Each structure stands twice: as structure tokens, then as C-alpha cells.
Amino acid sequence: RLIRYNLSAETKIDDIIAKYVSDQKSFIGLIVQNGPYVDAYVNGKIILFDEINLAPANVLQCIQLSLDNGFLSVETNGRCLLKYEKNPNFALVATQNPNKGAFAGKRQDLGPEFLSRFQKRYFPDILKDEMQEIALGIAKNLGYLKSDDKDEKKKRQLLKDIVNLHYEWAKETNSQTDIQCFTIREIESVIQCLSNGELPYEVIMTIYGGRFRQARKE
């Protein structure tokens, strides 16, 4: 299964590897609790590190060493306390936003030495037809669109209108130059609200219009 973990500048190695937590049943009142990275690493799961270029350098170094060495170790005062072998089914997926636009100067550029451990995939601007297919897939996964639904045709048209609005609004507000603005997340949020019975107009105004300050919103 997939484990998702959001990295940030405050992330510590203990957060993803292992740390001591209180346990009244333990003789010393403490036990070692494995983090999400160890869980995936040892048990052969997939871990997705979101915003990996926000992580501190020592966290990135720890990840890199574990990929190169094939094991993870927990140490104190230079002594190895615990050692974890890498499961052959383990996989690491990492995502990041570019260091530009609204995020310029707020995230680091990862070097080739670290990135060489990955197969890189870039996601350019998504074409409207592709977004239509994505919206249909999201709608099916969220249960908004069902084959036996008598309103299926109307819902499909509504999804198409929402995607068209997404692109028109982005173009009108010049938001395509700001990666913080309109993405697939907005499409998914709209469909999620619709599947919960919310009204389309209110949903659009909340998710899209709510992004702007009052003068711009009007």
C-alpha cells in the first residue's frame, strides 16, 4: 500500500525513521516507534514524500544513504542501536514544485547527486481534453458519476463546464503564471463538494473566487 508523508523545513530524521515515545507498559517507560520511512523500507511498501525539496539537508542525506547502502541504521553517540534491511519491494516516490513563481526562494534546488537516484518525470501544462478525462476519472472514484445514474448525462456536461471554466478563469486572471493558483486540486475539490450535494455555483465561488482578495473577487 501507499504511505504518503509531507516533508517540510521542520521535518527531522527522527520523524521519518524512529523515535522514542512514552509507553507505560515498557520497563523504562519508553519504546522505539518506527516512522513511515522505516515502515515502507522494511515491509516493502511504497512511500510518497510530498514536497521533498522542502526537507532539510540532513534528512535528504539520510534518504540518499539508505538508497545507496541498502540498509537504515539508528545510532547514538556513534554506536549503531538498530539496523533495518531494505525490502526488495520497497519503492520511493517524491514530488516537488519548482523553485519559482510564488515559491521562488522558498525551496531548495536538489542537486544531481541526489536526483540521480530517481527516474524524473515532469508534468507540463495539462491540455483541456486531458483534464476532461482526469475529471471524469475523479468523478467516478468519488462516486459522483455512476453508470446507472439517471442524471449521468447532466453530470458529464457539468463536469465539462467546470473544466472549461477552470481554463477560462485561469486565462482571465493570468493565473497560469502563478503555480500557486489553479491546478487539478481545484477540480478535485469541486467534484468532491458536488458529490456531497453542494450547489455548483456556491462551490465554484468558494473554491475559485475565495482565492482572491475582496476587490479582485468582485
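## Notebook: an aromatic cluster and its surroundings

I began with the rings, and I found that Tyr5, Tyr37, Tyr41, Phe49 and Phe90 form one aromatic cluster. For this I took rings of Phe, Tyr and Trp (its six-membered ring) as a pair if their centres lie within 6.5 Å, with planes under 30 degrees apart counted as stacked, over 60 as edge-to-face and the rest as tilted.

Before going on, I noted that this is a predicted model, in which local features need pLDDT of at least 70 and side-chain atom pairs count only at pLDDT 80 or more, while totals for chains, interfaces and linings use all residues. I also noted that residues are numbered from 1 along each chain as its sequence is written, and that side-chain values use heavy atoms, with hydrogens and water left out.

**Entry 1: the whole chain**

I looked up the overall make-up and found 9 helices and 7 strands in the protein chain; helices (H or I, at least four residues) and strands (E, at least two) are DSSP runs, numbered from the N terminus. The protein chain has 218 residues, and buried residues make up 32% of them, where buried means under 20% relative accessible area, exposed over 50%, and partly exposed in between (1.4 Å probe, protein chains only). I then looked at contacts (heavy atoms within 4.5 Å): of those in the protein chain with a separation of 6 or more, 62% are between residues 24 or more positions apart.

**Entry 2: the sheet**

Which order do the strands of the open sheet have? I read it as β1-β4-β7, a sheet of 3 strands with parallel pairing; two strands pair if DSSP finds at least two bridges between them. β1 and β7 stand at the edges with a single partner strand each, so one side of each is left without a neighbour in the sheet. I noted that the twist averages 20 degrees from one strand to the next, with axes as lines fitted to C-alpha atoms, for helices over the stretch in contact, and angles running from 0 to 180 degrees between N-to-C directions.

I went through the pairings in turn: strand β1 (residues 2-6) joins β4 over 5 bridges, and β4 joins strand β7 (residues 91-94) over 4 bridges. In the β1 to β4 pairing, arginine 4 stands opposite leucine 48 and tyrosine 5 stands opposite phenylalanine 49, while on the β7 side the bridge partner of phenylalanine 49 is alanine 94. Why is strand β4 largely enclosed by the rest of the structure? I found that 4 of the 5 residues of β4 (residues 46-50) are buried, which accounts for that description.

**Entry 3: the aromatic pairs**

I searched the whole structure and found 6 aromatic pairs. One of them joins tyrosine 5 and phenylalanine 49 edge-to-face, at 6.2 Å centre to centre and with 80 degrees between the planes. This pair links distant parts of the chain, since tyrosine 5 is in strand β1 and phenylalanine 49 is in strand β4, 44 residues apart. I checked how covered the two residues are: tyrosine 5 is partly exposed at a relative accessible area of 21%, whereas phenylalanine 49 is buried at 0%.

The rings of tyrosine 37 and tyrosine 41 have their centres 5.6 Å apart and their planes at 45 degrees, so I entered this pair as tilted. Both residues lie in helix α2 (residues 36-43), 4 residues apart, about one turn of the helix, and both are buried.

**Entry 4: helix α2**

I listed the buried residues of α2 as Pro36, Tyr37, Val38, Ala40 and Tyr41. Valine 42 also lies in this helix, but at 31% relative accessibility valine 42 counts as partly exposed. I found valine 42 and lysine 86 to be 5.4 Å apart in space, C-alpha to C-alpha, although they are 44 residues apart in sequence. Leaving aside neighbours within four places in sequence, valine 42 is in contact with Tyr84, Glu85 and Asn87. After α2 comes glycine 44, with a positive phi near 70 degrees.

**Entry 5: lysines over rings, and aspartate 149**

I then looked for charges over rings (NZ of Lys or CZ of Arg within 6 Å of the ring centre and within 35 degrees of the ring normal). Lysine 83 lies over the face of phenylalanine 71, at 4.4 Å from the ring centre, and lysine 155 lies over the face of tyrosine 144, at 4.7 Å. Aspartate 149, in the loop between α5 (128-141) and α6 (152-172), is in contact with Tyr144 and Lys155, leaving aside neighbours within four places in sequence. Is aspartate 149 buried or exposed? I entered aspartate 149 as buried, with a relative accessible area of 19%.
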